[in-house]
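Student: Hi! I've just opened a new structure and would like a friendly tour. Could you put it up so that we can go through it together?

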Amino acid sequence: SGCRWDVEFSVNCSFTGISTIPEDISQRAITADFSYNNIKTFMCTDGRSEEWMLKHLNLSNNLISELSLTTCRNLPLLETLNLDGNAIHTLALDVPTPALGSRTYGEVRRLLPALKVLSVERNNLNRVPRGLGLLQSLQTVRLSSNGIGQIDPSDFQNCSQLKDIRLQNNKITEIHPDAFRDLNKLQVVDLRENALATPLPQILISLNFFRLEAGLSNTAW
């Protein structure tokens, strides 16, 4: 496949022209770089039940247009997921709400339990991916350079560990007053290069130890 093992547990498959992830590599590696290839789909389980050791996965600059993370139950150690520079218009994280106490409920709660950084910059999203609150360890979400038009009250609901939100260079005109409520650890929100037509919600302005980047010259205030 042309993949190179840089160190004992790090594999580099970038610029190799692959369209699928080679079998067994992701089960052995801790860091895997599949960037700049022709990958169109990525299935976490791919029909296998073995848990992978991956902590850092780079799928940037491929041809992925749709992606579901609801099947990613065999990546318990994954900390960073880079999906930048694809053509993603649908990123599914949420599933129909199962009954409390059911097996399915427990599996949903374990969706990528260690994921801290999710980067989906330079894609075709027109809204914030639903279900970010299922990622219980998520600290940073990068959604710049998409087509997101507004921030709804449920977009970051239950993201209790979230510290850093990057939303620059979108088409945001409106932010719901409750969009960032209860995000007690939030420190940075980058809203530069948007088209904000209404004042920022008071909840944003009043946050402590907070850095807000809004790029006033590019808004309609």
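Student: Which residues have the most contacts inside the largest nonpolar core?
Tutor: Leu91, Leu118, Leu132, Ile151, Phe156, Ile165 and Phe180 have the most contacts inside that core, which has 56 residues. A nonpolar core here is a set of buried Ala, Val, Leu, Ile, Met, Phe, Trp, Tyr and Cys residues joined through side-chain atoms within 4.5 Å. Buried means under 20% relative accessible area, exposed means over 50%, and partly exposed lies in between, with a 1.4 Å probe and protein chains only.

Student: Is this from an experiment or what? Anything I should know before reading on?
Tutor: This is a predicted model, in which local features need pLDDT of at least 70, side-chain atom pairs count only at pLDDT 80 or more, and totals for chains, interfaces and linings use all residues. Residues are numbered from 1 along each chain as its sequence is written, and side-chain values use heavy atoms, with hydrogens and water left out.

Student: What does the pLDDT average for the protein?
Tutor: The average is 85, and 80% of the residues score at least 70. That score is the predictor's confidence in each residue, from 0 to 100. Over residues 99–108 the pLDDT is below 50, and this stretch has 9 contacts in the model beyond near neighbours in sequence. Contact means heavy atoms within 4.5 Å.

Student: Back to the core. What does leucine 132 touch?
Tutor: Not counting residues up to four places away in sequence, leucine 132 touches Leu93, Leu118, Leu138, Val141, Asp155, Phe156 and Cys159. Cysteine 159 counts as buried because its relative accessibility is 2%.

Student: How many helices and strands are there?
Tutor: The protein has 3 helices and 14 strands. Helices (H or I, at least four residues) and strands (E, at least two) are DSSP runs, numbered from the N terminus.

Student: And what share of the residues is buried?
Tutor: Buried residues make up 46% of the 221 residues. As for contacts between residues at least 6 apart in sequence, 50% join residues at least 24 apart.

Student: Let's go to the start of the chain. How do strand 1 and strand 2 run?
Tutor: They run antiparallel, with 3 bridges joining strand 1 (residues 4–7) to strand 2 (residues 10–12). Two strands pair if DSSP finds at least two bridges between them. These two form a hairpin with 2 residues between them, and tryptophan 5 stands opposite valine 11 in strand 2.

Student: Which cysteines does a disulfide join?
Tutor: Cysteine 3 and cysteine 13 are joined, S to S 2.1 Å. A disulfide is counted as a pair of cysteine sulfur atoms within 2.5 Å, and by this rule the count comes to 1 disulfide. Cysteine 3 is in the segment before strand 1, while cysteine 13 is in the loop between strand 2 and helix 1 (25–28), 10 residues apart.

Student: Why is it called right-handed?
Tutor: The torsion about the S-S bond of cysteine 3 and cysteine 13 is about 115°, so the disulfide is right-handed. Cysteine 13 counts as buried because its relative accessibility is 0%.

Student: What about threonine 20, buried or exposed?
Tutor: Threonine 20 is exposed, because its relative accessible area is 54%. This residue lies in the loop between strand 2 and helix 1. Threonine 20 and asparagine 37 are 17 residues apart in sequence and 9.0 Å apart in space, C-alpha to C-alpha.

Student: New topic: phi angles. What is phi of leucine 112?
Tutor: Leucine 112 has a positive phi of about 40° although it is not a glycine. Most residues other than glycine have a negative phi. Leucine 112 sits in the loop between helix 2 (103–109) and strand 8, and is buried at a relative accessible area of 0%. Asparagine 61 also has a positive phi, near 55°, and its place is in the loop between strand 4 (56–58) and strand 5 (66–68).

Student: Last one: where is asparagine 123?
Tutor: Asparagine 123 is in the loop between strand 8 (117–119) and strand 9 (140–142). With a relative accessible area of 5%, asparagine 123 is buried. Leaving aside neighbours within four places in sequence, its contacts include Leu83, Asp84, Gly85 and Ser145.
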